[in-house]
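Please read the report below alongside the sequence and the model. It goes from the overall fold to single residues and charged pairs.

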Amino acid sequence: ASSVCATYGQKFPCAPSNSSGESSKESSRCSTPVLDADRSDRLRDKMRRRIESGDHWFSLEFFPPRTASGAVNLISRFDRMGSGGPLFIDITWHPAGDPGSDKETSSMMIASTAVNYCGLESILHLTCCNQTKDKITGYLGKAKHLGLKNIMALRGDPVGADWEEEEGGFNYAVDLVKHIRSEFDDYFDICVAGYPTGHPEAESYQQDLRHLKEKVDAGADFVITQLFFRAETFLKFLDDCRTIGITCPILPGIFPIQGYQSLRQLVKLSKLEVPEEITSILEPIKDNDAAIRNYGIQLAVEMCRVLLDSGKVPGLHFYTLNREVATMEVLRQLGLWTEDPRRPLPWAVSAHPKRKVEDVRPIFWASRPKSYIYRTQDWDDFPNGRWGNSSSPAFGELNDYYLFYLKSKSSKEALLQMWGEELLSEESVFEVFTFYITAQSNRCGQKVLCLPWNDEPLAQETNLLKDELEKVNRRGVLTINSQPNINGKPSTDPIVGWGPAGGYVYQKAYLEFFTSSENVTALLKVLKKYEPRVNYHIVNVHGRNLTNAPDMQPNAVTWGIFAGREIVQPTVVDPVSFMSWKDEAFALWIEQWAKLYEDESPSRMIIQYIHDNYFLVNLVDNDFPLDNCLWQVIDDMFELLDSPAAPPCEDATP
């Protein structure tokens with residue numbers, strides 16, 4: 001992968017940023033702030049900047065699911081809840097669930113996926129329970145290799161009724177903190193647990209405070225507390241910690257009550273008592289989940305407001321129980337849920353530390369960013385720059401389309417309802433694409449919310465092209481990627497904006513689609529009169545490649561200009577990487593669509609025919625200040641096909 005930096009451009013690092021015009025809140029959101037790569041991206045430094053600026057933040061805790069489908073759902077939840085701007089998330093560690101393994105339900109894999117594929121700053125819990133020092137060292141080394149930078153060091157709950165010492169292991173969290181610092185120096189930011197009412201096994205509240213100070217003195221960077229039910233409980237604990245010299249950030253653990261049974265279970269595990277004023281309200285409504293959730297939301301909002309208004313609490317940590325409704329509502333009422341449409345870059349940024357210089361990607365993976373990250377995970381260097389010759393990148397193979405972070409969020413049954421229990425012809429496939437573009441219900445009354453190449457509903461930007469996209473899809477130009485031309489929109493634009501405020505963004509019109517060989521033959525004739533304004537790449541599954549790209553160089557299709565910086569060019573159409581994308585794009589017809597049907601069934605044979613005979617096409621209109629001409633190109637293609645002297649199709653046959 002040593003040649004990767006030359007793939008999309010020479011290595012021209014961005015100029016140092018001028019931070020005078022940006023708040024620390026902007027530079028410390030969950031996604032790695034690539035355009036501010038000179039700033040420290042350590043979690044403890046992000047906290048420090050937010051504290052100094054007076055900005056409040058929130059963070060979220062999740063636990064690993066028990067099933068593979070649960071893992072898929074949790075990753076979807078990360079994407080949704082990550083949009084609100086958490087400073088970080090944390091993933092719990094359960095010794096009985098093989099938490100350090102490569103299983104899709106392990107703590108290690110869930111935390112790794114959150115960092116690498118969802119772009120979320122993440123903390124991995126690690127406990128001493130039933131683990132030797134060597135095993136713990138191995139887990140920490142694996143976490144570092146996966147790009148995890150933060151550890152929550154815990155003793156952990158005993159597997160049985162009482163704690164049992166592990167030979168060659170640790171019995172206290174302070175020993176784990178010391179071990180992390182001894183073996184890994186300052187690589188990890190370390191969090192430890194605090195107990196506002198004292199640990200249930202401590203001899204006294206004061207003794208537990210002294211133990212907490214020992215953990216901080218051993219190298220912990222900040223504290224997250226166990227849940228509590230009264231704001232004054234935490235504020236007293238905070239004052240007591242400061243009195244004995246604990247100066248690091250201490251974050252209150254907030255638990256919005258969401259159900260009677262979940263509250264009982266959590267209280268049992270944490271060995272806490274629910275105040276009588278709360279139980280007296282819950283008991284009469286214990287069978288009404290909606291009423292309990294509404295009460296829990298209001299209780300949490302009131303408590304959080306007291307904490308934030310105290311001026312002593314910079315951030316709130318929420319125990320979500322892997323649910324989103326209650327926590328998101330609390331955050332909205334507090335004004336902390338901020339779905340900022342502005343992105344650091346136009347694609348999903350990985351939070352892996354080695355990718356922080358990455359600022360250029362091929363546009364082909366725009367709707368499959370997790371796949372791109374997976375296929376480039378072994379690269380040592382990442383594209384960083386603007387212009388230059390293209391070199392062949394070593395993209396990894398994508399043979400397992402069912403990795404839980406690449407799999408569709410929808411079940412097989414749901415996909416069949418959207419894409420057709422039975423396909424009758426190629427036109428049935430055209431309809432699926434058209435229903436996706438229009439967001440209308442199909443013949444079975446089901447909305448098509450995704451396609452194999454895009455597991456999400458249409459982006460706002462794509463809606464700008466909705467009418468034209470609908471027209472061409474109805475006629476078998478099956479679009480999988482597109483963008484409108486943009487000439488100097490503000491970077492704060494809610495639809496196409498990205499990067500820091502005060503900049504301007506630009507785009508060339510882009511269109512990518514599958515279509516028949518007959519259409520391609522006509523298209524090639526039409527394109528001759530649009531050169532050099534329109535660049536094209538046309539390829540079939542067998543690798544027959546037709547292009548007018550000069551010298552196989554990448555073509556910048558998105559760029560931005562910001563105060564005090566070099567031009568940032570985050571997406572390109574690259575002829576070399578297009579051939580790697582081609583393999584994936586064609587395979588998705590089979591892996592995620594055809595395999596829904598029985599072997600040799602008519603439905604499967606229709607998808608197989610499209611896979612074998614259609615071409616994948618991308619078009620770029622280089623004249624971005626003018627009106628997009630790509631729709632006229634497609635119109636001309638259809639006009640030629642509809643004319644009495646339609647061209648023969650043999651030129652483009654596979």
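## Barrel and overall fold

Eight strands form a closed barrel in the order β1-β2-β3-β4-β5-β6-β7-β8, with parallel pairing. From one strand to the next the twist averages 30°. Here two strands pair if DSSP finds at least two bridges between them. Helices (H or I, at least four residues) and strands (E, at least two) are DSSP runs, numbered from the N terminus. Axes are lines fitted to C-alpha atoms, for helices over the stretch in contact, and angles run from 0 to 180 degrees between N-to-C directions.

The model is predicted, so local features need pLDDT of at least 70 and side-chain atom pairs count only at pLDDT 80 or more, while totals for chains, interfaces and linings use all residues. Residues are numbered from 1 along each chain as its sequence is written, and side-chain values use heavy atoms, with hydrogens and water left out.

The chain has 21 helices and 18 strands. Of its 654 residues, 57% count as buried, where buried means under 20% relative accessible area, exposed over 50%, and partly exposed in between (1.4 Å probe, protein chains only). The chain exposes about 27,000 Å², of which carbon and sulfur atoms supply 49%; the areas come from the Shrake-Rupley method with a 1.4 Å probe, and for residues only the protein chains shown count as cover. Contact means heavy atoms within 4.5 Å. Among contacts in the chain between residues at least 6 apart in sequence, 75% join residues at least 24 apart.

Within the barrel, strand β1 (residues 57–62) runs parallel to strand β2 (residues 88–91), and four bridges join them. L60 has I89 of β2 as its bridge partner. Helices pack on this sheet. Helix α8 (residues 231–243) touches β5, β6 and β7 (250–254), and its direction makes about 160° with that of β7. Helix α6 lies across β3 (122–127), β4 (150–154) and β5, running at about 145° to β4.

## Strand β17 and its partners

Which residues of strand β17 (residues 568–573) are covered? Six of its six residues are buried, so the strand is mostly covered by the cut-off used. Strand β17 pairs with two strands named here. With strand β9 (residues 361–362) the pairing is parallel, over two bridges, and P362 has V572 of β17 as its bridge partner. With strand β16 (residues 555–561) the pairing is antiparallel, over four bridges, and G560 has V568 of β17 as its bridge partner. The hairpin of β16 and β17 has six residues between the strands, and G564 takes a positive phi near 70° there.

## M328

M328 is found in helix α12 (residues 325–334). M328 has a relative accessible area of 11% and is therefore buried. Leaving aside its neighbours within four places in sequence, M328 is in contact with M81 and W337. M328 and I297 are 31 residues apart in sequence, and their C-alpha atoms are 9.5 Å apart in space.

## Salt bridges

Side chains of opposite charge can pair when their charged atoms come close. A salt bridge here is a side-chain nitrogen of Lys or Arg within 4 Å of a carboxyl oxygen of Asp or Glu. By this rule the count comes to 39 salt bridges. Three of them are listed below.

| Acidic residue | Basic residue | Closest N and O atoms |
|---|---|---|
| D186 | R44 | 2.5 Å |
| D221 | R181 | 2.9 Å |
| E584 | R368 | 2.7 Å |

The D186 and R44 pair links distant parts of the chain: D186 is in the loop between α6 (173–184) and β5 (189–194), R44 is in helix α2 (residues 43–53), and the two are 142 residues apart. D186 counts as partly exposed, at 31% relative accessibility, and R44 is also partly exposed, with a relative accessible area of 22%.

The D221 and R181 pair also links distant parts of the chain, with D221 in the loop between α7 (205–217) and β6 (222–227) and R181 in helix α6, 40 residues apart. Both D221 and R181 are buried.

E584 lies in helix α19 (residues 575–593) and R368 in the loop between β9 and α13 (369–375), so this pair ties together parts that are 216 residues apart in sequence. E584 and R368 are both buried.

Which residues are linked in a network of salt bridges? The network links R42, R44, R181, D186, D189 and D221.
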